[in-house]
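This report describes the surroundings of a ligand, the packing of helices and two points of backbone geometry. The sequence and the structure are shown first.

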Amino acid sequence: GPRVVIIGAGIVGTSLADELTGRGWTDVTVLDRGPLPATGGSSSHAPGLVFATNPSETLSRFAQYTVDKFRGLAETSDRLCFNPVGGLEVATTEARMTDLHRKAGWARAWGVSARIVDAAECARLHPLLDPATVLGGLHTPTDGLADALACVDVQRQRAEAAGARFVGDTRVRAIVTTGDRVTGVETADGIHPADVVVSCAGFWGVEIGAMVDLRVPLVAMGHQYVETTTVDPLRGSVDPRVGKAAATLPILRHQDADLYYRQHGDRIGIGYYGHHAMPVDMDRLYRDTREQPMPSMLPFTPADFAPAWTESTRVLPSLASASVADGFNGIFSFTPDGGPVLGPHPGLDGFWVAEAVWVTQSAGVARTMAHWMIDGSPDLCVAGCDIARFSARETAPDHVAAMSARAFDEVYDIIHPREQRSIQRDLTVSPLHERHRARAAVFVTSHDWERPAWFEANTALPQIDTASAASAHRDDFSTRHWSPIVLAEAAATRAGVGLFDMTSLMRLQVSGTDAVSFLAPILTRDPDRAVGTVIYALMLDPSGGVLSDVTVARTAAESFQIGINGPLDLARLRALARVARRDGADVEVREITAETACLGVWGPAALALVDPLSEAALGPDDLGFYRTVRTRIADVSVLAMRVSYVGEFGWELYVAADDAVTLADELTSAGASLGAVWAGRGALDTLRIEKGYRSWGTDMTAMHSPDEAGLAFAVAKNHDFVGRAAMSQRPVRRRLHTLVADDPGTLLLGREPVTGPDGTVGHVTSAAFSPIVHRTIAYAWGAPELRVGDQVHVDHLATTATFTVSPTTTVDPENARLKG
Ligand code: FAD
């Protein structure tokens, strides 16, 4: 194997050394600036609560592996690495109780055993709890306490036995590179040569990233943790000598008050997120803590903790027999979206990061990193964890600081899946933004972009009465951040013509004499077609999983315009182009999202609207499906692309950003008599779900093969590409099915568990209420054996609904509308 240097011997670096050596990469050196084994990083004092339930399947699976692994470690050690005391989350409000039902759904969907319990059962599970203060809870028997230092110790010994070296008191002060490859790290003792360097520096990750021109989007944040004096009922209950995991009480979360609890022998540990965010000034920390053994522990600020103590003695009355013995403001990482930052440096081969990782996910992250580094692709979907998932604007320090502080504030809040942030808005807007505002658009963000979700000005649409009636049965939680205008806009598009601002969908240009040979092996269809041809194709990873789906338009002999799914695609294509150029190829990848705008014009009246205004004829026989032509509309140069994400005849019209308003205004005024309506993302989503169209990242990911995702049609038989061989050998383990609700009153939000007739469990990806079928249509992963007509059960909050498996496409399966 290659020579690997890992920076950081905390729980993440050590777990990674163990996973790499266990898979045969034995030339591993782990360097830490602090002493071993308690380096002074976050892992040295983590209380180690592990809750495996998470809205993200990947984060839940990381945690499940961590639990399994750490439980296994206990057998090889005299210390308890993991104590499976179980986890209990309690609700003191109805809203929290509803949310616990949602969480129980995630647990079921991701394979964690959990159940809703009443107040009496909460108090039976955790006898210090006053049942009169809670409404109920969620009990997860497999959760528990990890002793991070014990886990570090045992894994380090195992890695060392397999060949790894651990070196303490050795700070990495620079990364050594040759061209765009990493070749080593520099410390006070000199240069440690390396083919692969992994930064597992925890909240110091930003500084390491700066050494290689990589913005690591995390913020070091203070978080209060205290231990009480002896609590009367716990006196003598547990022998405190068994180590940090000494407890019999389940770990407890009281999220309505931003609090969590664990037992330390006869004391209770209390963690508190209710105080204001405490970002750490890292320059100052370096100065102040140079000689300190625990640079990650800041002095306790009792005033911030006062409300936590009052509330704690209310729900756990026996705490009144004790007091706060000890407290500190511990430091660990927060990120803009709360996820970890993992993966390769897009601009420097051989350099990786694994940071902002909790103890809870540590071993799972390490295993996935090892797969990724050794096999070339991770074993779980890392789209929500990849360091390249942020746009350039999103990694700007001001944004990272503001969003990470918000992530801290909201860590225990109930977040509705459609809820939008109130800060960091209007960072990047479409050239049509003011026009959208004039139509009273309600905006949603995607990365740094604002997009209209629907337009309040459309309350007067004739379709609104039917839409309001159809959504009348909705439950309070499901109707939040939503409007029946969404349905009216969708219905108006199918009746006349919808105008959609598609500008925020990222696009790029690939050009050069080697553009074709660059693209061919990374697409599931051959892009080498006549100028003016568009293809829908997939990009696969080496194991045959779907990395992305893209539309590729050949706009000139040596130039392609590609619609991509986001920053991950951009980073991947740029990295591939960098390597191709290193090998002498002539190819450039350039993002053109901001300098261009895109308008979707779709519906039965689209032709009547656009054709009279266009220089080039745009009729169905003039510009075929999946063809593109340059024309002039309203005196503006337009690239018209005959594609549709809503299943109606029409085009994506691409213009220079400066021409967007002219084009939009012309279409609006010409469209008035044709029933043209501006429509938002909500309508777009409804329409595409009626058609069976997938959304990458929500419906399918790299964990799914094209066949499983229902995308085999996008794979050419006679074309060779990365992932082809692996793809054909992959068994179909599940399929993405279309479900239609039996009851018109049923609504879904996504990620609900689905139980098939044979008892197997899958989960919902996307869902939308259709104004045409008057029912919720959902996509769900389920057993490949499910057949059209089968009934399945979907748990939604506290209810269970029946759905029927349906053909992939609900509306216009013959594509008559698309053909025009
Ligand atoms: P660390 O343990 O900080 O390791 C990073 C290492 O990198 C350090 O040892 C550091 O010395 C080293 N390093 C940095 N720079 C350099 C350099 N230039 N050269 C060499 N070495 C370097 N998580 C949970 O899952 N459950 C909990 O209940 C929980 N509670 C917490 C409570 C508190 C009060 C705090 C502070 C954190 C808590 N966490 C919890 C979070 C958890 O502790 C961390 O996320 C986790 O320990 C991070 O592990 P790590 O290995 O990435 O970082």
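## The shell around the ligand

Strand E20 supplies the largest share of the shell around the ligand, namely four residues. The model discussed here is predicted. E20 spans residues 324–334, and with helix H1 and strand E14 (219–228) it belongs to the elements that each give at least two residues to this shell.

There are 37 residues around the ligand, and those that come nearest are Asp-32, Thr-39, Ser-43, Val-357 and Thr-360. By class, the shell is made up of 20 nonpolar, 14 polar and three charged residues.

## Backbone atoms facing the ligand

Which atoms of the ligand lie 3.1 Å from a backbone N or O atom of Ile-11, and 2.8 Å from one of Ser-42? In the case of Ile-11, the partner is an oxygen atom of the ligand. For Ser-42, the backbone N or O atom likewise has an oxygen atom of the ligand as its partner. At Val-172, a backbone N or O atom is 2.9 Å from a nitrogen atom of the ligand.

On its own, the ligand has 1,000 Å² of accessible area, and the protein covers 98% of it.

## Helix H1 against helix H2

Helix H1 comprises residues 11–22 and helix H2 residues 57–73; the two pack at an angle of about 75°, and their axes are 14 Å apart. Angles of 65 to 115 degrees count as roughly perpendicular, so H1 is roughly perpendicular to H2.

On the H1 side, the contact involves Ile-11, Ser-15, Asp-18 and Glu-19, which meet Tyr-65, Lys-69 and Phe-70 of H2. Three nonpolar, one polar and three charged residues make up this contact. Ile-11 thus appears both in the contact with H2 and beside an oxygen atom of the ligand.

## Helix H2 against helix H9

H2 also packs with helix H9 (residues 362–375), here at an angle of about 105° and with the axes 6 Å apart. The two helices are therefore roughly perpendicular to each other.

From H2, the residues in contact are Phe-62, Tyr-65, Thr-66, Lys-69 and Phe-70, while H9 contributes Ser-362, Ala-363, Gly-364, Val-365, Arg-367 and Thr-368. This contact has five nonpolar, four polar and two charged residues. Tyr-65, Lys-69 and Phe-70 of H2 take part in the contact with H9 and also meet residues of H1.

## Backbone geometry in two loops

Where is Pro-37 placed? This residue lies in the loop between strand E2 (28–31) and strand E3 (49–50). The peptide bond leading from Leu-36 to Pro-37 is cis, and its omega is near 0°.

A second loop, between helix H6 (205–211) and E14, holds Asp-213. Although Asp-213 is not a glycine, its phi is positive, at about 60°. E14, which borders this loop, is also among the elements that supply at least two residues of the shell around the ligand.

Note on methods: Residues are numbered from 1 along each chain as its sequence is written. This is a predicted model: local features need pLDDT of at least 70, side-chain atom pairs count only at pLDDT 80 or more; totals for chains, interfaces and linings use all residues. Side-chain values use heavy atoms; hydrogens and water are left out. Axes are lines fitted to C-alpha atoms, for helices over the stretch in contact, and angles run from 0 to 180 degrees between N-to-C directions. Angles under 35 degrees count as roughly parallel, over 145 as roughly antiparallel, 65 to 115 as roughly perpendicular and the rest as oblique. Contact means heavy atoms within 4.5 Å. Ala, Val, Leu, Ile, Met, Phe, Trp, Tyr, Cys and Pro count as nonpolar, Asp, Glu, Lys and Arg as charged, and the others, Gly among them, as polar. A residue is near a molecule or strand if one of its heavy atoms lies within 4 Å of it. A polar contact is a pair of N or O atoms within 3.5 Å; within protein, one must be able to donate a hydrogen and the other to accept it, and residues adjacent in sequence count only if both atoms are side-chain atoms. Accessible areas come from the Shrake-Rupley method with a 1.4 Å probe; for residues, only the protein chains shown count as cover.
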